[in-house]
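Open the model in your viewer and keep the sequence panel in sight. The tour below goes from one selection to the next and says what is found at each stop.

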Amino acid sequence: MTLAEQLLEAFKAKGWMLATAESCTGGMIAVALTDIAGSSAVVERGFVTYTNEAKIEMLGVRKTTLDAHGAVSEETAAEMATGALTRSHAHVAVSVTGIAGPGGSEFKPEGRVCFGLAGNDGSVSTQTIEFGAIGRAKVREATTAHALHLLIDAVHTP
């Protein structure tokens, strides 16, 4: 059973729905889930917010957050996840924002991805993973897998 299938099964068992807010993955998390028949019982919606304007308009990320911390930050990831949750009927929302590459800077290197997870119980958690300069495709794949793991952990946490 794939990671996505495990996630869908766990969410179905709880009767939960999820939403995604994706930047650097461009919808890959939602695709990983919706490639599986029956995913509509779990995937409520997905947001692809590649630009700062999209993050502001679609998810309610504050311009002041983006100005102070940048798009690739835990602060932005938290607001993305919270925005996806409040703009959906989901129980849990996951967000990703990062630098898939090529490129980056000494302050925000290639392979840095910030994750957000928001629950309808009011919980919000964030984390940053440094995948390194492993190439654009591999950063995006690793980000997708890590987001699926976060969602599985969320459904199994009391």
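This is a predicted model, and the stops below run from a helix to a sheet, then to rings, cysteines and cores.

**Stop 1: helix 6**

Select residues 136–156, which form helix 6. Place a distance label between the C-alpha atoms at its two ends: they are 31 Å apart. The helix has 21 residues, and at 1.5 Å a residue it should span 30 Å, so the two values agree.

Now colour the buried residues of helix 6, among them Val139, Thr143, Ala147, Leu148, Leu151 and Val155. What do the buried residues of helix 6 pack against? Their neighbours are helix 1 (3–14), helix 2 (28–34), and strands 1 (18–22), 3 (92–98), 4 (112–119) and 5 (124–130).

**Stop 2: strand 4 and its partners**

Select strand 4, residues 112–119. How many of its residues are buried? The count is 8 of 8. Look along the strand to see the two directions: Arg112, Cys114, Gly116 and Ala118 point one way, while Val113, Phe115, Leu117 and Gly119 point the other way. The residues of both sets are buried.

Add strand 3, which runs antiparallel to strand 4 and is joined to it by 7 bridges. One place to look is threonine 97, whose bridge partner in strand 4 is cysteine 114.

Then add strand 5, which is also antiparallel to strand 4, with 7 bridges between them. Here phenylalanine 115 stands opposite glutamine 127 of strand 5. Strands 4 and 5 form a hairpin with 4 residues between the strands. In this hairpin, select glycine 122, which takes a positive phi near 95°.

**Stop 3: aromatic rings**

A pair of aromatic rings is described by the distance of the centres and the angle of the planes. Show the aromatic side chains; the count comes to 2 aromatic pairs. In one of them, the ring centres of phenylalanine 11 and tryptophan 16 are 5.7 Å apart. Their planes are at 75°, and planes over 60 degrees apart count as edge-to-face, so this pair is edge-to-face. Phenylalanine 11 has a relative accessible area of 0% and is therefore buried.

Next select phenylalanine 115 and phenylalanine 131, an edge-to-face pair with 6.4 Å from centre to centre and 75° between the planes. Phenylalanine 115 belongs to strand 4, and phenylalanine 131 to the loop between strand 5 and helix 6, 16 residues apart. With 1% relative accessibility, phenylalanine 115 counts as buried.

**Stop 4: two cysteines**

Select cysteine 24 and cysteine 114. Why is there no bond between their sulfurs? The sulfur of cysteine 24 has its closest cysteine sulfur in cysteine 114, but at 9.0 Å, which is too far for a bond. A disulfide needs the sulfur atoms within 2.5 Å, and the count of disulfides is 0. Both residues are buried, cysteine 24 at 3% relative accessible area and cysteine 114 at 2%.

**Stop 5: the nonpolar cores**

In soluble globular proteins, nonpolar side chains tend to be buried together. The largest nonpolar core of this model has 27 residues. Select those with the most contacts inside it: Leu7, Leu8, Phe11, Leu18, Leu33, Val96 and Leu151. Helix 1, helix 2, strand 3, strand 4 and helix 6 each supply at least two of the core residues. The largest share, 8 residues, comes from helix 6.

Centre the view on leucine 8, whose contacts include Leu33, Ile36 and Val43. Last, select Leu59, Val61, Ala81 and Ala93, which are among the 13 residues of another core, apart from the largest one.

How values were computed
Residues are numbered from 1 along each chain as its sequence is written. This is a predicted model: local features need pLDDT of at least 70, side-chain atom pairs count only at pLDDT 80 or more; totals for chains, interfaces and linings use all residues. Side-chain values use heavy atoms; hydrogens and water are left out. The expected span of a helix is 1.5 Å times one less than its number of residues. Buried means under 20% relative accessible area, exposed over 50%, partly exposed in between (1.4 Å probe, protein chains only). Contact means heavy atoms within 4.5 Å. Rings of Phe, Tyr and Trp (its six-membered ring) pair if their centres lie within 6.5 Å; planes under 30 degrees apart count as stacked, over 60 as edge-to-face and the rest as tilted. Two strands pair if DSSP finds at least two bridges between them. A nonpolar core is a set of buried Ala, Val, Leu, Ile, Met, Phe, Trp, Tyr and Cys residues joined through side-chain atoms within 4.5 Å. Lists of a residue's contacts leave out its neighbours within four places in sequence.
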